[in-house]
Protein chains: 2
Amino acid sequence: MTGPPAGAADRRGDLVLVSGGLDSTTCLALAVREAAGTGAPAPLALTFDYGQRHRVELDRAAAVAGWLGCPQLVVSFDASRWGGSALTDAGIRVPEATATGGPAIPVTYVPARNLVFLSIAVAVAEARELRRVHIGVNALDYSGYPDCRPEFLDAFREAGRLGTRRGTEGTPVDVVAPLVAMTKEQIVRAGVDAGAPLELTWSCYQGGDRPCGTCDACALRARGFAAAGVPDPALVT
Amino acid sequence: MTGPPAGAADRRGDLVLVSGGLDSTTCLALAVREAAGTGAPAPLALTFDYGQRHRVELDRAAAVAGWLGCPQLVVSFDASRWGGSALTDAGIRVPEATATGGPAIPVTYVPARNLVFLSIAVAVAEARELRRVHIGVNALDYSGYPDCRPEFLDAFREAGRLGTRRGTEGTPVDVVAPLVAMTKEQIVRAGVDAGAPLELTWSCYQGGDRPCGTCDACALRARGFAAAGVPDPALVT
């Protein structure tokens, strides 16, 4: 890192945000398949330990990255210290699924989570000369979080371009969201097609040993597998 | 945090990014003075422990916040693990000051630092129902970092607006940079005028017991105090 920055042509590796859920695991499998097809190195899986109550996520993220042959970087910060979300604050109950896609943002919203995640991802990608950041957000079958929408991603790209050396040099870290316009059914099909280890994934917001089956994340997942006509391999005992 | 979010009128407290340097200390003193004038609570000082080699910053940030009567939140993450900067990587030498304001971005640039800092600040402000985030960046007498420029701040505000619940409700966390168009001389004068404890501040990029006097940060600071006709109180023994 003491010489001049590498040219864009040298930046072939990618970074994928991996939480261990269905969407990010599918996203990683798609990136792995693409890298294999172009001879690029395996993507770096970036996972955040942010004090989430569903700690099983972290084990699943490591298992998914390992299964797909990707190096993993875990970045820790304690979002529970700033509070404000049912996912990090044990004093706020995780609700059961209600109407999905409605206007209200549920209490499982973690303040500015994807803004923070993507910012750190761009920092890591710039420091390590990686080409792109992949994020598995989805704005169709989702919980209504504002930071999963395409308009947020567009604004974030511009902030990332203007706030980095890479951006000022005309080769910003690109941010891609290949699942953003897919239904959950399409995500399940894409994951199966790309060979994603969906049996290792965890979507439930609760911290139990088994998915609760009633939270918003469980409900969205179940509908996706049902619509795709695929049994959920994570529920096979 | 279980009821509906507070209305904008209830959000009177502010958050100030405080590194313990001249600029952020002046920024905090200005915010404290404004809060006292309006009867608002003292601002929350947010400090990042990101693995910087100039660890003395952290002590100075705590001292500054305490002296000004502000609560402080320290958020830790280890940017040295992603590397790429002389400020976090002991293998990269901190250079002596050269021409300032030139087109090159120096090796002391930390990849996407203010993007990460501001993202976490917005997250904390949203979680804690704080009104504004103040950042003491300056784009006149500075080291040429892209993430100190007004155009970056504008793009970041938009990303923060679109990526948060507050933004979708029409009351985004505002991001203000009161020093952005000031010279270092003007910052010194503003700090003295606002009663900032400049004797507690630390600007040097090195990790020594005393400022090195030769790095870019030391040189900018010295020129600012000299132009303002004020002795640097941090250099008085």
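Here is a short walk through the two chains, stop by stop.

Keep in mind that this is a predicted model, in which local features need pLDDT of at least 70, side-chain atom pairs count only at pLDDT 80 or more, and totals for chains, interfaces and linings use all residues. Residues are numbered from 1 along each chain as its sequence is written, while chains are lettered from A and ligands numbered from 1 in the order in which they are written.

**The symmetry**

Show chains A and B together. A turn of 180° with a shift of 0.0 Å along the axis lays chain A on chain B with an RMSD of 0.0 Å, superposing by least squares on C-alpha atoms of residues with pLDDT of at least 70 in both. The two copies are therefore related as by a two-fold rotation axis. To find that axis, select A:F77: of the residues of chain A, its C-alpha comes closest, at 2.8 Å.

**The interface**

Next, pick out the contacts between the chains (C-beta atoms, placed from the backbone, within 7 Å). You should get 39 residues of chain A touching 39 of chain B. On the chain A side, strand 3 (72-76), helix 3 (113-127), helix 4 (150-162) and helix 5 (165-168) each supply at least two residues; helices here are DSSP runs of H or I with at least four residues, strands are E runs of at least two, and both are numbered from the N terminus. Helix 3 of chain A gives the most, with 10 residues. Every interface residue of chain A (100%) is also one in chain B, so the copies meet through the same surface.

**The crossover**

Now select residues 44-49 of chain A, which form strand 2. Strand 2 runs parallel to strand 3 of chain A, joined by 5 bridges; strands pair if DSSP finds at least two bridges between them. One pair to display is A:F48 with its bridge partner A:V75.

**The core**

Which residues have the most contacts inside the largest nonpolar core? They are A:L28, A:A121, B:L28 and B:A121, in a core of 124 residues. Such a core is a set of buried Ala, Val, Leu, Ile, Met, Phe, Trp, Tyr and Cys residues joined through C-beta atoms within 7 Å. Zoom in on B:A121: beyond its neighbours within four places in sequence, B:A121 contacts B:L15, B:L17, B:L46 and B:V133.

**Two odd phi angles**

Finish with A:A112, in the loop between strand 3 and helix 3 of chain A. A:A112 is not a glycine, yet has a positive phi of about 55°. A:A112 is buried, with 32 other C-beta atoms within 10 Å; buried takes 20 or more, exposed 12 or fewer, and partly exposed falls in between, with C-beta atoms placed from the backbone. Then jump to B:E129, another non-glycine with a positive phi, about 60°. B:E129 counts as partly exposed, with 18 C-beta neighbours inside 10 Å.

Note on methods: Two residues are in contact if their C-beta atoms, placed from the backbone, lie within 7 Å.
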